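Trainee: Please take a close look with me at one part of this model. I'd like to start from a single pair of residues and build the picture outward from there.

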Amino acid sequence: MRLNYDAVVIGAGISGLTSALLMARRGKRTAVLEARGNILPLMRGFARKGAHFETGFHYASNLEEGGFGPYIFAKLGLDLKPFPLPREGYDEIRLLPTGRVFKMVCGADGLQKKLAESFPQESAAINAYLEKTAAAAAKSAYLNMQNGGEDFDTIIDSPPALQEVLDAHFKSPELKAILSVNSFLHGTPPEKISFAQHCCITCGLYKSAWGIEGGGRAINAAYGAALKNAGVDIFLNGEAVAITREGGQKIIILKDGRQFACDACIAAVHPKIFLRLAPPEVYREGYKTRLLDLRETPGFFALYGVLNKETFFETVNIFAVRDLDVNKIFGGGGKSYYINFSRSRPQAVSIISLVPSDSWQRGPDYKTKKAAFALEIKKDIQTLFPQIADNIEYLDASTPATMRAYCGYGGGYGLMHDVNKTKILPITKIPGLYLTGQSVIAPGFLGALITSLAVDRVVK
Ligand SMILES: Cc1cc2nc3c(=O)[nH]c(=O)nc-3n(C[C@H](O)[C@H](O)[C@H](O)COP(=O)(O)OP(=O)(O)OC[C@H]3O[C@@H](n4cnc5c(N)ncnc54)[C@H](O)[C@@H]3O)c2cc1C
């Protein structure tokens, strides 16, 4: 059986669904093919014991009224309601080697003042640095697309690296750690991420930090409704195994033998999965080799628990780092944590530790190894955060193998955006065949939206 569409999107993650809505907006008959049994398998989250756990979205920047997020939500017909996180303490940063605890504040003046109080000898440099971050974000053609910016040749992944800029401004390793720990949110270490990319994805938080009412569940519902309204057909359990060509048409073949023919095919999957699907002539050999050489962002080992009903933490995110050199925690040795608290009662708590993306293969010793690692983390949490440990009921754990089962790859944010390596482009050598997703232009919820919007500009 072969079905015909104007546009076919492979992958129903946030990038794929955004691309599908953009195609439908142009009047194209559009289909989405998703390997798993649901749309948004990474972002939808899950519920246990009356609590909802987020798996692919906790918070983001640029969701203020008039900002990039609401602009694109309106454009796509998505009914999503951002809410502001506390302006004081949306992130609590714990530097374990020195014991310093720093609570981030929103607003350039407030942040400048608080950082300068903690590091008075670096006050002038803090000022200069914060100005530089604001200027870099303001310059981003992507975040400012609604103002006409749309050029692919932007400098988003060009030098300098974040670490270089931090080293040029500051002496204090503690200060550098505080200003780079948010690299957790794009998955690329400070010495590899470009300063521009870091500013684009994370420095908007210095202005304001946002959740979305209902989190992943609401994102899932909003996309579901918008796709229905737009008349996009969704094929679940539809794993693509090959893309071939017949004349100008792209033919997508599914594992169960179904076929889809289209003029425009947008693959919204991990680039290495895309290479397995696409015809060999999709890229030059040298480019393919460089792409295969790109490193995966770290994977996550996560523990999920609920707090007893009386316990409630206002802090929404805690970053607890074992090394003042944030680059070192990206090695995945564990023992540095990102802890997220929901707003609900009972309160859902996710404790996430970075581990290598290719670790944790399912095999005979998988369950034992997982239980032993979970126990190690629980003991560590008992020491570091007794007020959490004494009130938590642990419910579940996930590893990069869990992530692979849901998304086909184990690195939380896809491929690293490495300032010194090849950039992944959305355009291929095959007319009408495109690549989108978090590895292409920018990662995270915001990055996936930015990327799909940018890719839309090149689709014919
Ligand atoms: C633990 C965690 C926490 C996060 N927290 C945040 C956060 O707080 N804020 C934020 O902004 N970002 C966060 N992110 C990042 C964000 O979730 C991702 O950047 C974003 O969801 C990636 O979307 P995507 O569409 O590019 O990729 P994906 O969601 O991976 O979509 C790819 C889709 O393609 C499907 N697929 C794969 N192969 C095939 C095939 N052969 N055929 C058909 N379908 C296929 C997959 O099943 C998947 O649905 C987090 C990520 C993780 C892992």
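Mentor: Let's begin with Leu95, whose bridge partner in strand β16 is Val321. Residue numbers start from 1 along each chain as its sequence is written. Bear in mind that this is a predicted model, in which local features need pLDDT of at least 70 and side-chain atom pairs count only at pLDDT 80 or more, while totals for chains, interfaces and linings use all residues.

Strand β7 (residues 88–95) pairs with β16 (residues 317–321) in the parallel sense, over five bridges. Here two strands count as paired if DSSP finds at least two bridges between them, and the elements themselves are DSSP runs numbered from the N terminus, with helices being H or I of at least four residues and strands E of at least two. Another partnership between β7 and β16 is that of Glu92 with Ile318.

Leu95 also has a place in a second pairing, as it stands opposite Arg100 in β8. Strand β8 (residues 100–105) runs antiparallel to β7 and is joined to it by five bridges. Four residues lie between the two strands of this hairpin, and Gly99 takes a positive phi near 85°.

Now for the sheet around them. The strand order is β8-β7-β16-β17-β18-β15-β19, an open sheet of seven strands with mixed pairing. Its edges are β8 and β19 (392–398), each of which pairs on one side only. On average, neighbouring strands are turned by 20° against each other, direction ignored; angles run from 0 to 180 degrees between N-to-C directions, and axes are lines fitted to C-alpha atoms, for helices over the stretch in contact. Helix α14 (residues 400–407) lies across β15 (299–307), β18 (348–355) and β19, running at about 100° to β15. The loop between β17 (337–341) and β18 holds Pro346, and the peptide bond leading into Pro346 from Arg345 is cis, with omega near -5°.

Next come the helices after β8. Helix α3 (residues 108–118) and helix α4 (residues 123–139) have axes that come within 9 Å and cross at roughly 150°. That makes the two helices α3 and α4 roughly antiparallel, given that angles under 35 degrees count as roughly parallel, over 145 as roughly antiparallel, 65 to 115 as roughly perpendicular and the rest as oblique. Their contact, where two residues count if their C-beta atoms, placed from the backbone, lie within 7 Å, involves Ala108, Leu111, Gln112, Leu115 and Ala116 on α3, with Ser123, Ile126, Asn127, Leu130 and Ala134 on α4. By class, this α3 and α4 contact has seven nonpolar, three polar and no charged residues; Ala, Val, Leu, Ile, Met, Phe, Trp, Tyr, Cys and Pro count as nonpolar, Asp, Glu, Lys and Arg as charged, and the others, Gly among them, as polar.

α4 has another neighbour in helix α7 (residues 195–202): their axes come within 8 Å and cross at roughly 85°. α4 and α7 are therefore roughly perpendicular to each other. The residues that touch are Thr133, Ala136 and Ala137 from α4, and Phe195, Ala196, Cys199 and Cys200 from α7. That contact divides into six nonpolar, one polar and no charged residues. Beyond α4, Pro160 lies in the loop that leads to α5 (162–169), and the Pro159 to Pro160 peptide bond is cis, with omega near 5°.

Finally, let's step back to the domains. The protein is divided into domain 1 (2–80 + 213–294 + 417–456), domain 2 (106–207) and domain 3 (298–407), with bounds that come from an automatic or database domain assignment. Taken over C-alpha atoms, the centres of domain 1 and domain 3 are separated by 28 Å. Twelve residues of domain 1 are in contact with 14 residues of domain 3. On the domain 1 side, strand β5 (residues 51–53) gives the largest share, three residues. By class, that side has five nonpolar, three polar and four charged residues. The loop between β4 (46–48) and β5 contains Lys49, which has a positive phi of about 50° although it is not a glycine. For context, most residues other than glycine have a negative phi, and most peptide bonds are trans.
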